[in-house]
Amino acid sequence: MTSRALAVTGATGRLGGRVARRLAAAGVPQRLVVRDAARAPDLPGASVAVAEYGDAAAARAALDGVGTLFMVSASESPHRAAEHRSFVDAAVAAGVERIVYVSFYGAAPDATFTHARLHHETEEHLRSTGLATVMLRDNLYLDFMTALVGDDGVIRGPAGDGRVSAVAQDDIADAAVAILQDPAGHDGRVYDLTGPEELTLTEVAGILGAHLGRQVRYVEESVEEAYASRAHYGAPDWEVDAWVSTYTAIAAGEMAGVSPDVPELTGHPGTTLAELLARG
Ligand SMILES: NC(=O)c1ccc[n+]([C@@H]2O[C@H](COP(=O)([O-])OP(=O)(O)OC[C@H]3O[C@@H](n4cnc5c(N)ncnc54)[C@H](OP(=O)(O)O)[C@@H]3O)[C@@H](O)[C@H]2O)c1
C-alpha cells in the first residue's frame, strides 16, 4: 500500500518554510504547495505544486493524492475567508483526509481580535467538512514583537495592563512537525500554542529595551487615540481594525495564559522573548 502524500503550504514564507525545512531534515517526503514555483525552497524529498488558495481548479490538482495537508493561513486581505473556504473545499474534492490548520489563539465568533473571528470561521468550515482536523491556535508571533516599537522607541496601543503569551515561530514549527510525523494521533485536537511567559507590554518594552540598548516604553492609548495615531498610514478599515484590536484583545485578557501544549508536543520548553532576541 502506498501512503498518501503530505502537503505543506506557505513554504515560501517564514512559518511554512520552517516547517518544510524541519520535515526535510527529518527525511519526511513532502509536496510544497506554493504560489510561485521559482520561490519554493529546494529541499531534499520535496516536490512542488503550484496553487493559490482561491484558485479551486489549481488547488484541487495540487492536492491530488494528498492524505495530510498542513495549511498556513493566507496573508491578511478582505478575501482571506473566501480563499480559505475555497482551498478547504478543493482539499475535500481532491480526497484529502486531514487538515492541520494554523489558526489563532482564542478563535471565536466574538473574539476581540478581528482575525481571531476569521480563524473561527475557517475552523467552523473545516469542521463542517467531516475531514479529520488538527487546529494549531497560535498566539501572536514572538518574532514580531520588535515590530511593535515605533521609530520613537514607543509601543503604543490600547492594551491596558493586559498580558500576551506570544509564541516563537520555531516552537510552532517544532510542534507542527511533531504532529505531522504522526498525524492520526492528533486528529480532533485543538492546541493552544503559546510562549512560556505572559507579559504586559511594559514588560515587553523592558526586555526589548535591554536587548537594543536604548529606552523602549509602552504608552497606553485610548481606542480613539489608537485609530488617530494609525490614520496616516492610509490603510483600509479592516486592516486598521485588526491592528487596533490586537491591543484591545490584550487588554481584554484574550492573548493571556500559558499553555502546556508547546512543551508537551515538542519535548522542550517554549522560547522566552529574551532567548529569542539573544539568538539574533
Ligand atoms: N500569529 C501572528 O502573530 C501572525 C502575524 C502575522 C501573520 N499571521 C498569519 O500567519 C501566517 C504565516 O505567517 P508567516 O510569518 O509565515 O507569513 P509569511 O512569511 O508572509 O508567509 C505566508 C505564506 O503563505 C503563503 N500564502 C499567503 N497567502 C496565500 C494564498 N492566498 N494562497 C496560497 N498561499 C498563500 C505565502 O505565499 P507567497 O510567498 O507566495 O506570498 C507564504 O508562503 C500568515 O500568512 C498570516 O495568516 C499570524
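How many bridges join strand 5 to strand 6? In this predicted model, seven bridges join the two strands, which run parallel. Within this pairing, valine 102 of strand 5 lies opposite leucine 136 of strand 6. The connection between the strands passes through helix 4 (residues 114–129), and strand 5, helix 4 and strand 6 together make a right-handed β-α-β unit. Strand 6 is mostly covered, with six of its seven residues buried.

The pairing of strands 5 and 6 belongs to an open sheet of seven strands, ordered 3-2-1-4-5-6-9, in which the pairing is parallel. The edges are formed by strand 3 (46–50) and strand 9 (190–193), each of which pairs on one side only. From one strand to the next, the twist averages 20°. In general, the strands of a sheet pair through backbone hydrogen bonds, in either a parallel or an antiparallel manner.

Strand 1 (residues 5–9) pairs with strand 4 (residues 66–71) in the parallel sense, and four bridges are found between them. In this pairing, alanine 7 has leucine 69 of strand 4 as its bridge partner. Helix 5 (residues 169–180) packs on the sheet, where it touches strand 1, strand 4, strand 5 (98–104), strand 6 (132–138) and strand 9. The direction of helix 5 makes about 165° with that of strand 6. A further pair of opposed residues is leucine 6 and threonine 68, the latter in strand 4.

Strand 4 is also joined to strand 5, by four bridges, and these two strands run parallel. Here phenylalanine 70 stands opposite valine 100 of strand 5. Between strand 4 and strand 5 the chain crosses through helix 3 (residues 80–94), and this β-α-β crossover is right-handed. Strand 4 is mostly covered, five of its six residues being buried. On the side of the edge strand 9, four bridges join strand 6 to strand 9, and the two run parallel. Aspartate 138 is placed opposite leucine 193 of strand 9.

The surroundings of the ligand were also examined. A shell of 20 residues surrounds the ligand, and the closest are Thr12, Gly13, Leu15, Arg35 and Ser73. Helix 1 (residues 14–25) supplies the largest share of this shell, namely three residues. Sorted by class, the shell contains seven nonpolar, seven polar and six charged residues.

Three individual positions illustrate different degrees of burial. Glycine 45 is located in the loop between strand 2 (30–34) and strand 3. Because glycine 45 has 12 other C-beta atoms within 10 Å, this residue is exposed. Apart from residues up to four places away in sequence, glycine 45 touches Ala24, Gly27, Val28, Pro29 and Gln30. Glycine 45 and threonine 133 are 88 residues apart in sequence, and their C-alpha atoms are 25 Å apart in space.

Valine 50 lies in strand 3, one of the edge strands of the sheet. There are 17 C-beta neighbours inside 10 Å of valine 50, and the residue therefore counts as partly exposed. When neighbours within four places in sequence are left aside, the contacts of valine 50 are Val34, Arg35, Ala37, Ala58 and Ala62. Among these contacts is Arg35, which is also listed with the closest residues to the ligand. The C-alpha atoms of valine 50 and serine 75 are separated by 17 Å, with the two positions 25 residues apart along the chain taken as their sequence separation.

Leucine 140 occupies the loop between strand 6 and strand 7 (154–157). This residue counts as buried because 21 C-beta neighbours lie inside 10 Å, the threshold for burial being 20 or more. Outside the four nearest places in sequence, leucine 140 is in contact with Val164, Ala166 and Met255. Leucine 140 and proline 196 are 56 residues apart in sequence and 13 Å apart in space, C-alpha to C-alpha.

Definitions and conventions
Residues are numbered from 1 along each chain as its sequence is written. This is a predicted model: local features need pLDDT of at least 70, side-chain atom pairs count only at pLDDT 80 or more; totals for chains, interfaces and linings use all residues. Two strands pair if DSSP finds at least two bridges between them. Axes are lines fitted to C-alpha atoms, for helices over the stretch in contact, and angles run from 0 to 180 degrees between N-to-C directions. Two residues are in contact if their C-beta atoms, placed from the backbone, lie within 7 Å. A residue is near a molecule or strand if its C-beta atom, placed from the backbone, lies within 6 Å of it. Ala, Val, Leu, Ile, Met, Phe, Trp, Tyr, Cys and Pro count as nonpolar, Asp, Glu, Lys and Arg as charged, and the others, Gly among them, as polar. A crossover is right-handed if, with the strands pointing away from the viewer, the path from the first strand over the helix to the second runs clockwise.
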